[in-house]
Amino acid sequence: MDKNLIYTRNIGIMAHIDAGKTTTTERILFFTGRTHRLGEVHDGNATMDWMVQEQERGITITSAATTTFWKYNGDDFKINIIDTPGHVDFTVEVERSLRILDGAVAVFCAVGGVEPQSETVWRQANKYGVPRLAFINKMDRAGADFFSVVQQMQEKLGANPVPVQIPIGAEENYKGFIDLIKMNAVVFYDDAETVTRFEVEEIPASMMDEVEEWRGKLIEAVAGVDDTILERYLEDHNSITPDELMVAIRKAAIDGTIIPVICGSAFKNKGVQSLLDAVIAYLPSPVDKGTITGIDPRTDEEETREPDNDAPMAALAFKIATDPFVGRLAFMRVYSGTINAGDTVLNVRTGKRERINRLFQMHANKQNPKESISAGDICAGVGFKDLKTGDTLCSINKPILLETMDFPEPVIGVAIEPRTQADVDKLSLALNKLAEEDPTFQVKTDLDSGQTVIHGMGELHLEILIDRLKREFKVECNQGAPQVAYKEAITTTGEFREVFKKQTGGRGKFADIIFELGPADENVRGLQFINDVKGGHIPKEYVPSVEKGFREAMSNGPLAGFQLESLKVTLKDGSYHPVDSDALSFEIAAKQAFRKFAAKCNPVILEPIMSTEVVTPEEYVGDVIGDFNRRRGRVEGMESKAGARVVKAKVPLAEKFGYVTVLRTLTSGRATSTMEFSHYEKVPAEISNRIVEIAKGKIL
């Protein structure tokens, strides 16, 4: 076992918009000596927000990776950090980062608490089983309430937050924190310099009762998940040493049974060093995460890989980026073995070999060339011909397929056209590059109008992509109004038969299929295909062609030509001709069958429904709810938060265009709103008819 693996941490910083992720990352880089000046988001000079669009808007758009070092208990630890976006439109960046990380720091605003996107990233971390610790930031802001945020984590996230620190004061009186493990106070002092000095002092006598209460809760929480601490607790809880407590908290945090909670103010440089200590103390190394499981593509049997430099190489490509100087960069997490520059590896998805020309360790958008990258590390490689997000790279003679990633479907589209003839060729090249980078960005050509329609996760997402077309690829575009990405579904099941015959002299075409067409089972996306043919009436080699035909036909629904969300096809019987039948005949038969019979299964149009949350002063609640009702929204709940009301609703995306402007007018600019995709739902009949007529060009 390589000792360096034990001293490595792969972490992500995740949170809602404006909770302070990038500022926290910038402070980490400064205090670890990675940068020598403090980058500020609001000044547009944050290291990790390197894109022009990020600097202009003060938001994170793309997840940026960097490597830094921190000394803890006399040992040097390597920390690979990924700073992720908070905006829901760029949720794919969080998803793919969490897939390959060993641990995460969830940043919460001490005023805003658990906000909608906090819940989204938390669910994503649960999905991939990522151990986390919570950093409650902005403790010096008006309205900061540490204990309220801890309670919200319990109620809204279903988490088990366990404070290992509690703050000394809050808002302008925030002085520092009490370390509940070492039982001392860390007090901050603002010196003339920008970097805040801290001193370790005795716990103030006035806080002793509160400290004893929270230390008791900490030990109880740990004793609840650790038998050794439980025994010591029952004997004499005062005899538990800080080291024993740290070991037990680390174990429970890695298991995900507790979430250690600390506090600070990253912008004012308060609590960043203790956050780094907590990352080392409580978050796992690649060794703690242990073996990774995959499938041997040759046998379909389960395979494992140890986080060891001598094990067969296995890595996952989690992001593709275009760099103006080195070309296509593939970001990779190496799970086992060692990658060397110049190595030839296997891409399991394509079954082809790929040569890695060069390897880099990343620092935001800067590359540091490396000759080799060891197990447990994150890097970027150059030279791949055909590589997509989620591909597994491995040793040629020891293949393994690692679990890939699922990405949400885009919900909004915009028609674009190049302004000049010179832009035409450049546009398709640029769009292909952007689609390679971003799995939630899709490019489609409207078959009727010939228009190019780009689809994304929201208006901001598409706005940024069009801006990138202009700046990075020098392509000028005209764009249409945003369109909703409607889908179709069939609601009833029927059994049908389709015979495809074609005789053109010489060898003809023949295929005969009997099948059942109906809605897919619950929670199934795409085509659910069941082969139920008995007795060899259709040869086995033609069955995949039937499946392919139905799958391709799903992109053009029977009502208005929208893609089908899901479909269940059971192939029951059929026949073939020994001379005229071939794979293409059965594929064409399936496509024709879908076009002919899908309309007989009561098709409906589905529209994307958005989970919307509005934070508004009390006096505007009635106006906000009234506006939701006008937009076909369903109000699902209200709660009070920091002197305001939070209204939660489900609203169709079609009714949300330009909503922010209307909300500002309704509330004199005092309300804020967030929204994220929730699910697809059937469109009411009268609206459905109008959508069909518009799609068929009857209404302009």
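Which residues are buried in α14? That was my opening entry, and I kept the notebook going from there. A reminder to myself: this is a predicted model.

**Entry 1: helix α14**

I looked up the burial along α14 and found Val 543, Ser 545, Val 546, Gly 549, Phe 550 and Ala 553 buried. These residues cover an arc of only 165° around the axis, so they sit on the same side of α14. Next I asked what that buried set packs against. I noted β31, β32 (526-531), β33 and α15.

**Entry 2: helix α15**

Since α15 turned up as a packing partner of α14, I went there next. Helix α15 covers residues 583-597, and I checked its length: at 1.5 Å a residue its 15 residues should span 21 Å, and the end C-alpha atoms are 21 Å apart, which agrees. Its buried residues are Ser 585, Phe 586, Glu 587, Ala 589, Ala 590, Ala 593, Phe 594 and Phe 597. I was pleased to see α14 (543-553) listed among their packing partners, along with β30 (494-502), β31 (509-518) and β33 (566-575).

**Entry 3: strand β34 and its partners**

Is strand β34 largely enclosed or largely open? I found that twelve of the 14 residues of β34 (residues 603-616) are buried, so the strand is largely enclosed by the rest of the structure.

Then I listed the strands that pair with β34.

- Strand β37 (residues 672-682) runs antiparallel to β34, and ten bridges join them; here Ser 611 has Glu 676 as its bridge partner.
- Strand β36 (residues 644-652) pairs with β34 in the antiparallel sense over eight bridges; here Ile 609 is partnered by Pro 652.
- Strand β29 (residues 487-490) also pairs with β34 in the antiparallel sense, over four bridges; here Lys 487 stands opposite Leu 606.

A background note for reading such strands: in a regular strand the side chains alternate between the two faces of the sheet.

**Entry 4: the hairpin of β12 and β13**

I moved to strand β12 (residues 292-296), which is joined to strand β13 (residues 301-305) by five bridges, the two running antiparallel. Asp 296 has Glu 301 of β13 as its bridge partner. Four residues lie between the strands of this hairpin, and in it Asp 300 takes a positive phi near 65°. I also found that β12 is joined to strand β24 (residues 401-402), again antiparallel, by two bridges. In that pairing Ile 295 is matched with Leu 401.

**Entry 5: two asparagines with positive phi**

The phi of Asp 300 made me look up further cases. Most residues other than glycine have a negative phi.

Asn 73 has a phi near 50°, a positive value in a residue other than glycine. I located Asn 73 in the loop between β2 and β3. Its relative accessibility is 67%, so Asn 73 counts as exposed.

Asn 269 has a positive phi too, near 65°. I found Asn 269 in the loop between β11 (259-263) and α10 (272-282). Is Asn 269 buried or exposed? At 3% relative accessibility, Asn 269 counts as buried.

**Entry 6: looking for empty space**

How many cavities of 30 Å³ or more are there? I got a count of one. The largest cavity has a volume of about 50 Å³. I wrote down its lining: Ala 65, Thr 66, Thr 67, Asn 80, Ile 81, Ile 82, Gln 361, Met 362 and Ile 378. The elements that give two or more residues to that lining are β2 (64-72), β3 (75-83) and β19 (358-363).

**Entry 7: Asp 83**

While at β3, I looked up Asp 83, which is found in this strand. Asp 83 has 0% relative accessibility, so it counts as buried. I also looked up its separation from Pro 242: 159 residues in sequence, and 31 Å in space from C-alpha to C-alpha.

**Entry 8: Leu 218**

My last stop was Leu 218, in helix α7 (residues 208-223). Leu 218 is buried, with a relative accessible area of 1%. What is Leu 218 in contact with, leaving aside its neighbours within four places in sequence? I noted Val 162, Pro 163, Val 164, Leu 180, Ile 181, Leu 245 and Ile 249. Leu 218 and Arg 645 are 427 residues apart in sequence, and their C-alpha atoms are 32 Å apart in space.

Notes
Residues are numbered from 1 along each chain as its sequence is written. This is a predicted model: local features need pLDDT of at least 70, side-chain atom pairs count only at pLDDT 80 or more; totals for chains, interfaces and linings use all residues. Side-chain values use heavy atoms; hydrogens and water are left out. The expected span of a helix is 1.5 Å times one less than its number of residues. Buried means under 20% relative accessible area, exposed over 50%, partly exposed in between (1.4 Å probe, protein chains only). Contact means heavy atoms within 4.5 Å. The arc is that of the directions from the helix axis to the C-beta atoms. Two strands pair if DSSP finds at least two bridges between them. On a 1 Å grid over the protein atoms alone, a cavity is a set of points where a 1.4 Å probe fits but cannot get out, and a pocket is an open set with protein on both sides within 12 Å along at least five of seven lines; lining residues have an atom within 4 Å of a point. Grid points are joined across faces, edges and corners, and a volume is the space filled by probe spheres set on the points.
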